[in-house]
Amino acid sequence: MKTRITELFGIRHPIMQGGMHHVGYAELASAVSNAGGLGTITALTQRTPEDLLKEIRRCQEMTDQPFAVNLTFLPAFAVPPYAEYISAIREGGVRIVETAGRSPEEFMPLLKGAGIKVIHKCTSIRHAIKAQTIGCDAVSVDGFECGGHPGEDDIPNMILLPLAASQLSVPIVASGGVADARGMVACFALGAEGVNMGTRFVATREAPVHQRVKDALVAATERDTRLIMRPLRNTERVLHNDSVDRLLQVEHEKGGDLQIADIIAMVAGVYPRVMQQGEVDAGAWSCGLTVGLIDDIPTVKELIDRMMAEASDMVKGRLSAYFI
């Protein structure tokens with residue numbers, strides 16, 4: 001398939017793997033890239049810029065195809081050395097960066113000066129327009145369906161994508177709500193030229209997470225996610241578990257007096273315990289609504305090949321038959 005996204009990033013299929021904390025390692029990124037998509041290493045999962053450079057080198061040993069690095073700009077008490085992480089990306093020769101969180105405007109000169117193509121994740125049209133204005137090469141539109149942080153506007157991709165397509169000139173990647181060919185084709189109809197999947201890629205054989213995490217995704221339904229931290233205006237969609245119930249109870253009891261300190265033990269530092277040790281009830285961890293569509297654990301190549309074949313059959317077969 002040929003779209004502006006495949007041409008921009010030099011990939012065969014318009015499928016991107018999202019940057020996920022303690023999931024976006026070289027194993028998964030290289031598998032996605034080798035299968036024709038765009039794999040992504042998560043920069044801030046690496047403790048230091050030097051560690052990130054080592055992970056980039058490791059990924060380069062596993063694939064000769066393009067891959068990206070996700071760099072998320074989040075408000076924090078201890079601000080990561082973003083410029084140093086970008087230096088590691090530049091030194092590693094990576095030419096695609098997915099930015100998320102706050103606007104990357106401050107760091108655009110460092111990124112563009114190295115010839116890096118930037119795709120910024122946005123949860124609203126106003127932020128997407130801003131991303132285009134500051135020079136981002138593409139925009140990832142995150143709908144309310146997505147795992148992680150969907151923003152505070154609660155607008156699904158059925159609305160966001162056509163709005164973005166009508167107001168942007170840069171190519172759009174749809175993020176949130178996609179786990180199979182049906183979702184991908186729908187996003188293309190709405191104006192996207194690529195899709196970004198997170199939760200679906202966690203449930204693959206190459207994903208470097210504990211088997212209990214994958215099994216939990218297969219067992220879950222579309223009703224098994226929850227929204228936390230809404231009172232703090234830092235909403236996150238997570239998989240439902242006992243820890244999440246306790247967190248929501250604290251939020252209910254504290255009401256308008258809720259502080260991050262009241263729930264920090266249930267959201268901070270839990271990812272290594274969940275993803276590596278398989279303690280799926282250790283705390284809150286990101287999961288999209290697409291979990292309801294996941295019923296197997298294929299290899300990355302099997303998943304991407306299946307999506308592309310089914311998308312082709314859908315467009316050339318069932319959908320074309322409607323037009324007579």
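**Strand 6 and its surroundings in a predicted model**

Student: In this predicted model, which residue of strand 6 is the bridge partner of I119?

Tutor: Strand 5 (residues 117-122) and strand 6 run parallel and are joined by four bridges. Within this pairing, I119 has as its bridge partner in strand 6 the residue A138.

Student: What is the handedness of the β-α-β crossover from strand 5 to strand 6?

Tutor: After strand 5, the chain passes through helix 6 (residues 125-133) before it reaches strand 6. The crossover formed in this way is right-handed.

Student: Which residue in strand 7 stands opposite D142?

Tutor: Strand 6 also pairs with strand 7 (residues 172-175), in the parallel sense and over four bridges. Helix 7 (residues 157-167) completes a right-handed β-α-β unit with these two strands. Opposite D142 in strand 7 stands S175.

Student: How many of the five residues of strand 6 are buried?

Tutor: On one side of the strand, A138, S140 and D142 are buried, and on the other side V139 and V141 are buried. Both faces are therefore covered, because the residues on each side are all buried. For strand 6 (residues 138-142), the number buried is five of five.

Student: How many disulfides does the structure hold?

Tutor: C122 is in no disulfide, as its nearest cysteine sulfur, that of C136, is 7.2 Å away. The sulfur of C146 lies 11 Å from the closest cysteine sulfur, in C287, and is therefore too far for a bond. In the structure as a whole, the number of disulfides is zero.

Student: Is T204 buried or exposed?

Tutor: T204 is placed in the loop between helix 9 (199-202) and helix 10 (211-219). Beyond its neighbours within four places in sequence, T204 is in contact with L28, K214, I297, P298, V300 and L303. Because its relative accessibility is 0%, T204 counts as buried.

Conventions. Residues numbered from 1 in each chain as written. Predicted model: local features only at pLDDT ≥ 70, side-chain atom pairs only at ≥ 80, totals over all residues. Heavy atoms only, no water. Buried < 20%, exposed > 50% of the residue type's maximum accessible area, 1.4 Å probe, protein only. Contact = heavy atoms within 4.5 Å. Disulfide = S-S within 2.5 Å. Pairing = 2+ DSSP bridges. Right-handed = clockwise from strand over helix to strand, strands pointing away.
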